[in-house]
Amino acid sequence: MIETRGLTKHFKDVRAVDGIDLTVARGELVALLGPNGAGKSTTLRMLTTLIPPTSGTATVAGFDVVRRQREVRQRIGYIGQGNGAGHSQRGRDELISQGRAYGMGVRQARVRAAELIDSLGLGEVADRKVATLSGGQRRRLDIAMGLIHAPELLFLDEPSTGLDPQNRANLQEHIVRLRAEHDTTIVLTTHYLDEADSMAERVIVVDHGRVIADDSPARLKAEHVGDTVLLGFDSEQETTAAATALPGRAAQPYGKELRIRTQGGPRQVPGMLEDLRSAGLPAASVEVIRPTLDDVFLTLTGRSLREGGANSDRQPATELVEV
Ligand SMILES: Nc1ncnc2c1ncn2[C@@H]1O[C@H](COP(=O)(O)OP(=O)(O)OP(=O)(O)O)[C@@H](O)[C@H]1O
């Protein structure tokens, strides 16, 4: 569905996108994850024909994004960071006008608008003026606008930025459901770690205009970080002794706590406890910490995604938006 080779965009001396090779298959839900300024939006804007690449190639739905712009645009929906719908119109009318702009007949546009209003849960608000809708409702209307012509491929640029946690969860649920119902290929950008983790079966981590990792969230976490098992003891002496009672496990004592990096943490714990009990050093507490995608980013770059304005799921969304 998408194929890029050495896709590059420079703005004067800024290397916004620096040679991206990407293949997205039909039906995938892919999240481009990265900090502010990583090049996510610029990648999307090239794939949606809004800006030309400086070099490299990209085909979308089989058409070159430079030479066959019209064919690409007919097959994609794009929801950018701003609101698409006009504020003084009713949502339903906006949708129908958008469908007409894509060459649909009035009846066809009405039917499609009604379907989308239903599947995006906009039934109660579709006949109100857009200006009166909440942020979450307006974002869902934007998505309906991007889907009115039944595109094979939908690009969403930070669909939930600026929404409160409840609206974000709601929107994510709608996107996942839409994809299941219509089998639309979806590429979204986000700097919300939990969004990438829970929605996408494939996460492409972008930093400084380059792809630094590309896999399922589970495999990224297992391959790059692994689990940490924390074993608590009653004294520091016991902790130090316990470290030597678990040879080959790279156990690090910190005060009364032993930290062990491992793959498949929960499965390792019974064996560890057994070894400790045999050595007369029973653990007083056990905790297994599973990695986040932020830990993956930290391992790969030495920086946290949360630094430099990148968003965290643990902070209120309004504080996180870098304008
Ligand atoms: N029109 C432009 N002119 C000059 N520089 C630009 C332009 N658009 C983007 N850039 C720069 O390119 C880099 C990548 O920007 P881009 O918007 O693609 O990042 P992003 O990963 O989408 O970030 P965010 O998460 O903040 O939206 C940034 O350094 C940005 O300042």
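**Ligand shell and sheet architecture of the predicted model**

Helix 1 makes the greatest contribution to the shell around the ligand, supplying three residues. The structure described here is a predicted model, and the shell in question comprises 13 residues, of which Phe 11, Ala 16, Lys 40, Ser 41 and Thr 42 approach the ligand most closely. Two elements, strand 2 (14-24) and helix 1 (40-47), each give two or more residues to this shell. With respect to residue character, the shell around the ligand contains seven polar residues, four nonpolar residues and two charged residues.

At the level of the whole protein chain, the domain assignment distinguishes domain 1, covering 2-221, from domain 2, covering 226-289. The C-alpha centres of domain 1 and domain 2 are separated by 45 Å.

Several strand pairings were examined in the N-terminal part of the chain. Strand 1 (residues 2-11) is joined to strand 4 (residues 55-60) by five bridges, and the two strands run in the antiparallel sense; within this pairing, Arg 5 has Thr 57 of strand 4 as its bridge partner. Strand 4 is in turn paired with strand 5 (residues 63-64), again in the antiparallel sense, through two bridges, and here Thr 59 is placed opposite Asp 64 of strand 5. The hairpin formed by strand 4 and strand 5 has two residues between the strands, and in this hairpin Ala 61 adopts a positive phi near 50°.

A further sheet, built from four strands, is open and antiparallel in its pairing, with the strand order 12-13-11-14. Its edges are formed by strand 12 (251-254) and strand 14 (285-289), each of which pairs on one side only. Between neighbouring strands of this sheet the average turn, with direction ignored, amounts to 20°. Helix 10 (residues 265-278) packs on the sheet and touches strand 11, strand 13 (257-262) and strand 14, while the direction of helix 10 makes an angle of about 35° with that of strand 11.

The pairing of strand 11 (residues 227-232) with strand 14 is antiparallel and involves five bridges, and one of the residues concerned, Thr 228, has Ile 289 in strand 14 as its bridge partner. Strand 14 is thus described both as an edge strand of the sheet and as one of the strands touched by helix 10.

Conventions. Residues numbered from 1 in each chain as written. Predicted model: local features only at pLDDT ≥ 70, side-chain atom pairs only at ≥ 80, totals over all residues. Domains from an automatic or database assignment. Pairing = 2+ DSSP bridges. Axes fitted to C-alpha atoms, helices over the stretch in contact; angles between N-to-C directions. Contact = placed C-beta atoms within 7 Å. Near = placed C-beta within 6 Å. Nonpolar A, V, L, I, M, F, W, Y, C, P; charged D, E, K, R; others polar.
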